[in-house]
Amino acid sequence: MNSVFLLGDSVSHSLSPAMQNAAFEALHIDCRYLVRQVGRADLAGAVEDMRVDDEILGANVTIPHKESVIALLDELDPLARRIGAVNTISRQSGRLKGWNTDVDGFRQALRDISLPRSRGRVGVGALAYHRVAIIGAGGAARAVAAALPPDAEVWVIARHVDQARRLCRDLAIERGLPMGIDRMRAAIESAELVVNATPADLPPVSWLRPEQRVFDLRSRRSVEGRTMLLHQGAASFEIWTGRPASLAAMRAALERAAEAVTA
């Protein structure tokens, strides 16, 4: 039986196995999706295990390895190279290629959960947001920033401002600023779209206006996070198998898993 792994720290409660295994079952593919707890010191060994095992199709990569895994791969998809973050690895004849499906996942989720906006100069598909605040500057935040149109006014808020500066520089963000946590409230209060790309409970609800759109990437905590997980997971599935995933099967399994976690 073939395998696909989820590589990350604190992955034991991930919703991805239920979703991906339902996708394999729906298409009668003899493969299983497994979590593998991998600390920073163990990442190189886990990647090498993938390289030498012919029964491994690939992996998803999550916190904290989306950036650091790049140096361990043989090849990068152009989008992953531009972003500087990988969430999907494919294996072909012992060579490992990095991809980023978070960008498409975020765009698709934003379309699914948002109403069309008639104002604002920035559009994401049929949606428009003029000012966007992203909390976090890691791999997930990089994907979100890359998904936004180039004329978006994007504020990247991070505990370490140098990390936010690198994100803005690498992705050529021309409008907006990197900033520290101490300036987070002012940025959030004036944003139209607020994206939490951290594991923390941010932003405080008291800082938000009723008309703001808040997008929390944490799939176990939010509908929008699960919607993004669904779409990025379907894109990863197609990379591993060469076949379109059954979104209906994946969505049903994802919602059952989420209900079990909150029960």
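Strands β1 (residues 2–8) and β2 (residues 31–37) run parallel to each other in this predicted model, joined by seven bridges. Within that pairing, Leu6 has Val35 of β2 as its bridge partner. To get from β1 to β2, the chain passes through helix α1 (residues 16–26), and this β-α-β crossover is right-handed.

Strand β1 has a second partner to look at: β3 (residues 56–61), again in the parallel sense, this time over five bridges. Here Leu7 is matched with Val61 of β3. The two pairings of β1 are set out below.

| Pairing | Sense | Bridges | One bridge pair |
|---|---|---|---|
| β1 with β2 (residues 31–37) | parallel | seven bridges | Leu6 with Val35 |
| β1 with β3 (residues 56–61) | parallel | five bridges | Leu7 with Val61 |

How much of β1 is covered? Six of its seven residues are buried, so "mostly covered" is a fair description of the strand.

Now turn to another strand, β5 (residues 88–92), which holds Ser90. Is Ser90 buried or exposed? Ser90 counts as buried because its relative accessible area is 12%, and the cut-off for buried is under 20%. Its side chain also has a polar partner: the side chain of Trp99, at 2.9 Å.

Which residues does Ser90 touch, leaving aside its neighbours within four places in sequence? Among them are Leu57 and Gly58, along with Arg95, Leu96 and Lys97. Trp99 is on that list of contacts too, as are Ile239 and Trp240.

Definitions and conventions
Residues numbered from 1 in each chain as written. Predicted model: local features only at pLDDT ≥ 70, side-chain atom pairs only at ≥ 80, totals over all residues. Heavy atoms only, no water. Buried < 20%, exposed > 50% of the residue type's maximum accessible area, 1.4 Å probe, protein only. Helix = DSSP H or I, 4+ residues; strand = E, 2+ residues; numbered from the N terminus. Pairing = 2+ DSSP bridges. Right-handed = clockwise from strand over helix to strand, strands pointing away. Polar contact = N/O pair within 3.5 Å; in protein donor to acceptor, adjacent residues only side chain to side chain. Contact = heavy atoms within 4.5 Å.
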